[in-house]
Amino acid sequence: MTHPSLHAQTTPDKVAYRMAGSGESITYRELDRRSNQAAHLLRGLGLKPRDHIALLMENRLDFLVVCWAAQRCGLFYTAISTHLTPREIAHIVGDCGAGVFVTTAALLGVAAEAARALPGTVARFVLGEAQQGFDSWQARLAGLPETPIADEIAGYDMLYSSGTTGLPKGIAPVVTDEPITALPRVMAVLCRDMCRMDGHTVYLSPAPLYHAAPLRFCMTAGALGATAIVMEKFDPEAYLALVERFGATHTQLVPTMFVRMLKLPDAVRLRHDVSSLRVAVHAAAPCPVDVKQKMIDWWGPVLVEYYAGTEACGLTFATSAEWLAHPGTVGRAVLGTLRILDDDCNELPTGEVGGVYFADGPKFAYHNDPEKTRGAYSPQGWATFGDVGRVDAEGYLYLTDRRAYMIISGGVNIYPQEAEDVLLNHPQVADAAVFGIPDAEMGEAVKAVVQPMAGVAGSAALAEELIAFCRKHLSAIKCPRSIDFMAELPRTPTGKLLKRQLRDRYWGNARA
């Protein structure tokens with residue numbers, strides 16, 4: 001069975017979700033009732049299937065209730081990063097065409113500022129008491145039916161990934177009308193088929209729910225009748241204690257979390273029993289070979305790796321045994337068929353490096369951007385995440401480069417164009433380049449190299465000023481952590497920035 005409403009009938013008192021820190025929990029019966037009430041509210045506000053809602057929330061139970069309400073209404077639900085600025089939030093809410101915007105008291109300040117740029121037709125709600133133009137979510141739910149709406153149909157997430165143009169792009173699956181019990185194809189393959197998640201699973205989620213993988217894993221856990229333990233915020237020792245306390249069987253992490261756990265003193269790290277773990281999934285960023293080997297030595301062969309993306313147009317998967325036999329692989333295709341293409345979209349032979357594409361996988365589109373959507377497909381109709389790699393004779397994929405200069409820091413995708421655009425607006429900056437450099441903990445750190453205006457000397461004081469300038473306009477995670485200066489940045493005669501020349505100076509032999 002694959003929906004909380006079904007588990008509400010068979011295991012009504014089972015905990016569907018529990019917050020790790022507060023201990024607050026919601027049973028399948030309660031999840032069904034509350035999501036039904038919210039679905040009635042959304043329909044009552046005039047939202048029809050394939051309309052949109054947006055939510056700006058920290059990790060909490062209501063986050064998942066809202067998503068399940070949207071799912072059973074046939075809506076697209078857009079979760080927004082809590083690290084974004086009001087301008088960035090307003091862009092996403094406006095671009096997705098959300099009819100409803102839901103936030104929390106803790107985030108009301110930034111949400112209210114963002115809402116000033118939104119049309120009056122967007123219904124605004126806050127969890128708790130009504131304030132600052134936001135109605136009370138709970139007050140509007142009071143008295144609404146706890147039974148299903150009459151026209152239930154499956155809805156899906158539509159999450160945003162920053163574009164190289166500097167504007168975040170919504171990524172929407174191409175969907176057909178399906179019952180609410182339908183599992184998204186990629187999650188059915190990844191969670192149910194490959195990771196063997198089911199009603200006996202205890203899933204530990206350590207990451208922000210506004211990211212694609214944590215949200216999708218938690219939603220799939222609920223669909224399958226599992227119990228998901230959701231951490232408010234990742235802490236390495238607390239995470240290990242939670243595995244032991246709840247007997248977690250499944251979890252999904254990023255390599256930065258591995259690094260932080262491995263850096264704990266042995267007396268702390270080894271005090272917790274993690275033998276309940278059967279599957280520890282990792283993805284989102286390259287994992288250093290030595291880090292992964294240490295994790296397998298510690299936890300046993302429970303680590304599995306997949307390669308996918310928010311676009312969900314294909315999926316590869318590798319067990320610990322496969323990775324040990326093929327170090328560095330991100331696995332073989334389990335959804336879609338791998339194709340490696342040259343720059344002219346001709347298929348390349350086994351072992352040659354080219355663009356990584358998936359044939360026969362799920363379709364997607366970039367919301368309101370048909371040109372970008374066309375650019376993600378080859379003439380043959382095969383889709384790409386934009387990465388470069390090779391496939392060996394046994395079908396194992398190895399990534400040799402990542403999407404054009406995208407920075408992956410702590411599992412978060414960061415595109416440098418936004419920071420470059422901000423820096424270029426500073427009166428003392430003539431030119432700027434932003435890219436990722438090696439970072440032992442985060443995988444990559446955001447670095448800027450700046451060409452000052454004529455007569456301006458690069459200095460530590462100017463670097464601090466420029467970093468502060470960026471943080472006034474962008475979320476901190478997108479901003480440079482350090483800045484170097486050059487008399488002139490390398491560009492071609494046509495003006496193209498030779499960013500790889502700059503990156504290579506910092507990466508050397510450490511390139512991922």
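This section describes helix packing, buried cores and selected residues in a predicted model.

Two packed helices are described by the angle between their axes and the distance between the axes. In this model, helix α3, which spans residues 61-71, packs with helix α8, which spans residues 212-224, at an angle of about 70°, and the two axes lie 11 Å apart. Because angles from 65 to 115 degrees count as roughly perpendicular, α3 and α8 are roughly perpendicular to each other. The contact is formed on the α3 side by Phe-63, Leu-64, Cys-67, Trp-68 and Gln-71, which meet Leu-215, Cys-218, Met-219, Gly-222 and Ala-223 of α8. Sorted by class, the residues in this contact of α3 with α8 comprise eight that are nonpolar, two that are polar and none that are charged.

The surroundings of helix α3 extend this picture, since 11 of its 11 residues are buried and the helix is therefore largely enclosed by the rest of the structure. The buried residues of α3 are Leu-61, Asp-62, Phe-63, Leu-64, Val-65, Val-66, Cys-67, Trp-68, Ala-69, Ala-70 and Gln-71. Of these, Gln-71, which has its place in helix α3, is buried with a relative accessible area of 5%. A polar atom of the Gln-71 side chain lies 2.9 Å from the backbone oxygen of Ile-180. When neighbours within four places in sequence are left aside, Gln-71 is in contact with Ile-180 and also with His-3, Tyr-77, Ile-153, Ala-154, Gly-155 and Met-219, and Met-219 is one of the α8 residues that take part in the helix contact described above.

The largest nonpolar core of the model holds 69 residues, of which Tyr-17, Leu-42, Ile-53, Trp-137, Leu-215, Phe-217 and Tyr-306 touch the most other members. Apart from this core lies another, of 32 residues, which includes Ala-248, Val-268, Leu-277 and Met-295. Leu-215, named among the residues of the largest core, also belongs to the α8 side of the contact with α3. For Ile-53, the contacts that remain once neighbours within four places in sequence are left aside are with Leu-42, Leu-47, Val-66, Ala-70, Leu-75, Phe-76, Tyr-77, Thr-78, Ala-98 and Val-100. Among these partners, Val-66 and Ala-70 are buried residues of α3, while Tyr-77 is also in contact with Gln-71.

Two residues of helix α9 can be considered together. Ala-241 lies in this helix, which spans residues 236-246, and is partly exposed, with a relative accessible area of 28%. The C-alpha atom of Ala-241 is separated by 9.6 Å from that of Arg-269, although the two residues are 28 residues apart along the chain. Leu-242, also found in helix α9, is by contrast buried, with a relative accessible area of 9%. Outside its neighbours within four places in sequence, Leu-242 is in contact with Ala-20, Leu-204, Met-231 and Gly-247, whereas Pro-179, 63 residues from Leu-242 in sequence, is 35 Å away from C-alpha to C-alpha.

Further along the chain, Ala-383 is found in strand β21, which covers residues 383-391, and is buried, with a relative accessible area of 3%. Not counting residues up to four places away in sequence, Ala-383 touches Cys-313, Val-356, Tyr-357, Phe-358, Phe-364, Ala-376 and Tyr-377. The C-alpha atoms of Ala-383 and Cys-67 are separated by 27 Å, and the two residues are 316 residues apart along the chain.

Three loop residues complete the description. His-326, in the loop between α13 (320-325) and β17 (331-335), is buried, with a relative accessible area of 11%. The side chains of His-326 and Glu-394 are joined by a polar contact of 3.0 Å, and, not counting residues up to four places away in sequence, His-326 touches Asp-392, Tyr-396 and Tyr-398 as well as Glu-394. Most residues other than glycine have a negative phi. Arg-196, however, has a positive phi of about 60° although it is not a glycine; this residue is found in the loop between α7 (185-194) and β11 (202-205) and counts as exposed at 60% relative accessibility. Asn-368, likewise a residue other than glycine, has a positive phi near 60°. The loop that holds Asn-368 runs between β20 (364-366) and α14 (370-375), and Asn-368 is exposed there, with a relative accessible area of 55%.

Definitions and conventions:
Residues numbered from 1 in each chain as written. Predicted model: local features only at pLDDT ≥ 70, side-chain atom pairs only at ≥ 80, totals over all residues. Heavy atoms only, no water. Axes fitted to C-alpha atoms, helices over the stretch in contact; angles between N-to-C directions. Helix = DSSP H or I, 4+ residues; strand = E, 2+ residues; numbered from the N terminus. Parallel < 35°, antiparallel > 145°, perpendicular 65-115°, else oblique. Contact = heavy atoms within 4.5 Å. Nonpolar A, V, L, I, M, F, W, Y, C, P; charged D, E, K, R; others polar. Buried < 20%, exposed > 50% of the residue type's maximum accessible area, 1.4 Å probe, protein only. Polar contact = N/O pair within 3.5 Å; in protein donor to acceptor, adjacent residues only side chain to side chain. Core = buried A, V, L, I, M, F, W, Y, C linked by side-chain atoms within 4.5 Å.
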